[in-house]
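Colleague: I should be grateful for a close look at one helix of this model, with its neighbours set out in order.

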Amino acid sequence: MDLEKTIRALQGRGFAVSRFATKEEAADYLAGAIQNTTVGMGGSKTLDTLGVYDRLKEHNEVFWHWREPGIPTLDKALTAQTYLSSANAITEDGQIINIDGRGNRLAAMVYGPGKDIYIVAGVNKIEEDFDKALFRARNTAAVQNMARFAGSQPCQSEKGGGKCYDCRSKDRGCNGLLVLWGKMFDMQKIEVVLIEEELGL
Ligand code: SF4
């Protein structure tokens, strides 16, 4: 994993990049940078571990379905001025990859004139190229994420679980793939917050 190369590549694509040694430093930065606005958050173990929901609630109106489940929360998160997510994988040439079941995270990251997007990720999400990043997104992030859901997904079966089968289960949570190649038109910014720790799925 080449962190310096990844940062240069992300910046070359028009993403802002900030880098922190620890999750505590990253959480302090986000709490200071995001003030007096509306904030939506995507489902993310990384964001949960950072504890940013409680920090951001002190100075913002925050919508996160992991705290307040339901479609109204998802709708408000989608149209919030600032949106936070993690990434399932990031390539060393700066592509940001996410898989989603409902699409709330993907939608929030592709459209939003004037929006600020923060993508918060540990360096364990960085992969050498697109094929390895997609493999990671499917066989690590998606498989582990599916453990949170009831159902008949083969990746969760006792026999042969632990890898993605590109299944057709009615309970599959892998219904869409987003690859960000750059900041969408009219967004204020997409900032990748890289943390030099292993975080998330
Ligand atoms: S596509 Fe199916 S097998 Fe693959 S991770 Fe998603 S739910 Fe599991």
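Modeller: The following account begins with helix H7 and then turns to two other helices.

The model is predicted, so local features are given at pLDDT of at least 70 and side-chain atom pairs only at pLDDT 80 or more, while totals for chains, interfaces and linings use all residues. Residues are numbered from 1 along each chain as its sequence is written, and side-chain values use heavy atoms, with hydrogens and water left out.

Helix H7 covers residues 130-146, 17 residues in total, and reaches 22 Å from its first C-alpha to its last, close to the 24 Å expected at 1.5 Å a residue. Helices are DSSP runs of H or I with at least four residues, and strands are runs of E with at least two, numbered from the N terminus. The expected span is 1.5 Å times one less than the number of residues. H7 has a kink of about 30 degrees centred on Ala137, the bend being the angle between axes fitted to the seven residues ending there and the seven starting there. At the N-terminal end, Asp129 caps H7, with a side-chain oxygen 3.3 Å from the backbone nitrogen of Asp131.

Ala137 is also among the buried residues of H7, which include Leu134, Arg136 and Val143; buried means under 20% relative accessible area with a 1.4 Å probe, protein chains only. The buried residues of H7 pack against strands S5 (89-91), S6 (96-100), S8 (126-127) and S9 (176-180), contact meaning heavy atoms within 4.5 Å.

In helix H2 (residues 23-33), Ala26, Ala27, Leu30 and Ala31 are buried. They lie on the same side of H2, because they cover an arc of only 135 degrees around the axis, taken from the directions from the helix axis to the C-beta atoms.

Asn104, in helix H6 (residues 104-110), is buried, with a relative accessible area of 14%.

How values were computed
Buried < 20%, exposed > 50% of the residue type's maximum accessible area, 1.4 Å probe, protein only. Polar contact = N/O pair within 3.5 Å; in protein donor to acceptor, adjacent residues only side chain to side chain.
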